[in-house]
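Got your viewer open? Let's take a walk through this model together, one selection at a time.

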Amino acid sequence: MSAAAAPRAGSWRNALFVAPYLAVYLALLLYPLLAGAWLSLHKADLFGGEVFVGIENFQRLTRDTVFLQAVRNTFYFVLLTVPALATISLGLALALNRPTRAAAVFRGVFFSSSVLSVTIVTLIWRLVLIPDGGLIANLLHLAGRPPIPLLSHPDLVLPAIALTTVWWCLGLPMMLYLAALQQVPAELYEAAALDNAGRWKTLTHVTLPSIRRTIVLVVIIQCVLQFQLFGQAQLLTQGGPNGASRPIVLFLYEVGFRRWDIGYAAAASEILFAVILIATLAQYLTSRGKGAER
Amino acid sequence: MARVRLDRLSKRFGAVPVLDDISLDIAAGEFVAFLGPSGCGKSTLLRMIAGLESVDAGQIHIGDRRVDQLPPGGRGVAMVFQHYALYPHMTIFENMAFGLRNAKVAKAEIEARVAEAARILEIERFLPSKPGQLSGGQRQRVAIGRAIVKKPDLFLFDEPLSNLDAALRLRTRLELAQLRRRLDATMILVTHDQVEAMTLADRIVVMSDRRIQQIGTPMEIYARPANRFVATFVGSPPMAFLDVTLNVGADGLARAALADGAGVQTAMPLADLPSSPTWRLGVRPEAAKVVAPGTGLVDAKIAFVERLGDRTLVHLRLADGGALTAEDAGTSRAAMDDIVGLAIDGPVHLFDAEDNAHHPRAPT
Amino acid sequence: MSGSAQPVGRSPWEARAGFAVMVVLALIMVLPLLWTLGLSLKANNELLRDTGSVFHGPYTLENYGSILRRAAVFRWLGNSLLVSLCTTLGVLTLSSLAGYGFARLEFPGRRWLFALVLFGLAVPEQSVIITRHQMFSALHLHNTYPGLFLPGLSAPFGVFLMTQYFKAIPVELDEAALLDGASRLRVFWSVLLPLTLPAQATLGIFTFLSSWNDYWWPLISATRSEMFTLTVGVASSQINFAQTSGLGFLMAQAVFASAPILAVYVVFQKYIVRAVSGAAVR
């Protein structure tokens, strides 16, 4: 079918339906994106001074130890959270993929943290993590151990933020896995049972291969989400101690909205955009092949 | 009731032509079927009449109005879709009333028309239901009802029976025929099922390969197919073709000779036939009979046998490689690999090298 | 959830052990929430001495009383509600119109424009923030309600979702309605839109939740306390942690701020889960 029921095909008037959204999209997303790319080639400040400097901002970034530390922190954080999220949520999904009432309640519990905002999550976890009367400190005290300064130790701060994040973000990948597990045809399990496959064999030879694509999808989605770490770090540590927990987005925020070096911040945001674009393309390619699953 | 005129219609999808130079005149009150294999353009033609596809070239008139530039809703046509296309969120009443409401028909009039159509189609008790609660056959009736209430000049049916099971299809076909008497409207049916076309239509338009192959009454189409395509497409099992040479027979009538010289007398004067490098003899199963070996035209081997109860279809293979199907009694004892005689006892058709058919002059 | 895809069975003993493990994990999951709730029910000066006092009485509702006496929190709550509702209504309207347009209508440049919209899915909010902020400054939109909800309307996800959904509805329905004399607008409004209600619900819940929980844009755009949304408001009192009015009060605020969304979650759990996971897969 070419013109889906459109007698006078190709009319400009038909475009009126998409015009309102396109106007908003062009003005508030595409224009800022392009203007940002242009701005990244300038030395610019809040007061409107703009001097074209070419790729100097990007060269400056490659020498900026603060930025490089932020890049390292971000990748380290992704490495801490994504594998943990992908495996723990998979375990939960496998355990809770049953039609019982109890499983439904558990699913509800594990997803519940996902509906909270980052400010609530950090408020809660601050009082869990702080050495001065926090929940963990109290538990250590019960065990006769001294408190650990989780948020002010440079080696512990990112793992602590990662723990907070895993607690917060566990629900979504679990639900994605559950949705995928529901799609595994029952005949596959019946066939495996007829072949006398044990539980482990069934898991590794039937279940996991069947949801392979979802596993890839979860990893990519989580990479994109965790790469944009901001609120947890900004609220719990302001990037400290000594920048040990400053991610790229926080760097961008500080340069752009505290130091108002907006050309430089725009350059940093282009780097962020490039990374996310690559991950999103990977996600697009993965989900497009979705029909091929099973 | 309105006359419908299609004048030199053409249509292409991108670079692909789908209809070439289609002209057709449908009388007021006539029931016409567009018959053809899938992809022949019959549905596209119907959708062009409805206004769902644009017209690249040519004109469409319904009654005295030229409609090809009018929107679908302004052409005075109603259509019954293949998958019924009932609005799932509306009740049956609302489904039938929707078009009338758009046309700003008075409320009392809408209720009267829907009630009348529901009575005719015996779907009154479903009026408050949603389409999802109805069976396929019931939805089909609602789809017809939705067309009836609009009192259109022209009804269009797009393969309306193809989604019904065999028993329901037969019943609905009969009902459609009765409905047609009662409505007294111009109707066009698109179908790939020759039985539907033969039983319902006053005239059949056989289409293939973007063109109209033949227009005629069901009997004309069957008895005097215009070319080899029509001869093959209409009739089941299809007409068989044997390579023949023509020579002169009794009374100057053409005699068609098979490879081994055995000849079939036709009813066509040889002088009336054009010259053609090759000829084919078309034989429908009912014109071919199985007889004892040596007593028929030629002997043939039975390739296989289909027993239908009331009759038996015997598929034969001739010595020269030609194949055809003969009809035998239901009690036939023909068996595979038997050698039998073939007798031709009925009308035969001649096809020239261009695949055009030649028939005896129509009895006057 | 149906039990269609069930792995092979296990013995009752194993089932009981598995259940126990789940209970423990669930407790670990809710422990921070219970801890927060506990702290919120203690007097501030008692917590100053020892947060361990949470494990025993006396408990008090005094902290919640102090919240009720602070008008700002209610203002933030109202702001969040207003901004989230405007975003949701805006996204539903724009996405439905555009989805119908992209799925059903032919117009010059349609494929190209749709590809352009899809490209937007790859643009993170953070990477357009600098220029968007400049733009809103120039238009004096910071610290206004339109300033808070407008950026949310530009997200392409809704258009993508609605386009897919409209495409899944048989074209025969449009055609039947056109033959019934309906205009394009009437086909959209009376025939197709009612059929997209499930997608509207998914998109609506997802948009509302994202907007309600958004921290990034309001943090940058709303600089005056009376224009804070709840997320930014709660964050502002958190950053002044040191000189805050007390732990118990802060925790009561956390409970108070999360209560509405958790309550909504408990009631609409099924829809929320479907919306959020549906949105992630896209």
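Among the elements of chain A, which has the lowest mean pLDDT and which the highest? Keep in mind that this is a predicted model, then colour chain A by pLDDT. Strand β2 (residues 50–52) of chain A has the lowest mean, 82, and helix α7 (residues 157–169) of chain A has the highest, 94.

Now zoom out to the whole of chain A. Its mean pLDDT is 86, and 94% of the residues of chain A reach 70 or more. Next, select residues 1–9 of chain A. Here pLDDT stays under 50. For this stretch of chain A, the model has 21 contacts beyond four places in sequence.

Ready for a second chain? Show chain C alongside chain A and look at where they touch. Chain A puts 89 residues into this contact, and chain C puts in 82. On the chain A side, try colouring by residue class: you'll find 63 nonpolar, 23 polar and three charged residues.

Stay with chain C, but hide chain A. Chain C is divided into domain 1 (13–55) and domain 2 (70–281), so give each domain of chain C its own colour. Their C-alpha centres lie 34 Å apart. Where these two domains of chain C meet, each one contributes eight residues to the contact. Focus on the domain 1 side: α1 (12–40) and α2 (44–49) of chain C each supply at least two residues there. Which of the elements gives the most to this side? Click on α1(C), which gives four residues. By class, the domain 1 side of this contact in chain C has four nonpolar, three polar and one charged residues.

Last stop: chain B, in cartoon view. Look for an open sheet of four strands, in the order β2-β1-β4-β5 (chain B), with antiparallel pairing. Why is one side of β2 (16–26) and of β5 (65–66) of chain B left without a neighbour in the sheet? Both stand at the edges, each with a single partner strand, so there is no strand on the other side.

Zoom in on β1 (residues 4–13) of chain B, which runs antiparallel to β2(B) and is joined to it by seven bridges. For one residue pair to click on, pick B:R12: its bridge partner in β2(B) is B:P17.

Finally, select helix α1 (residues 42–50) of chain B. This helix packs on the sheet, touching β1, β2 and β4 (57–62) of chain B. Turn the view until you can compare directions: the helix makes about 65° with β2(B).

Key. Residues are numbered from 1 along each chain as its sequence is written. Chains are lettered from A and ligands numbered from 1 in the order in which they are written. This is a predicted model: local features need pLDDT of at least 70, side-chain atom pairs count only at pLDDT 80 or more; totals for chains, interfaces and linings use all residues. Domain bounds come from an automatic or database domain assignment. Two residues are in contact if their C-beta atoms, placed from the backbone, lie within 7 Å. Ala, Val, Leu, Ile, Met, Phe, Trp, Tyr, Cys and Pro count as nonpolar, Asp, Glu, Lys and Arg as charged, and the others, Gly among them, as polar. Two strands pair if DSSP finds at least two bridges between them. Axes are lines fitted to C-alpha atoms, for helices over the stretch in contact, and angles run from 0 to 180 degrees between N-to-C directions. pLDDT is the predictor's confidence in each residue, from 0 to 100.
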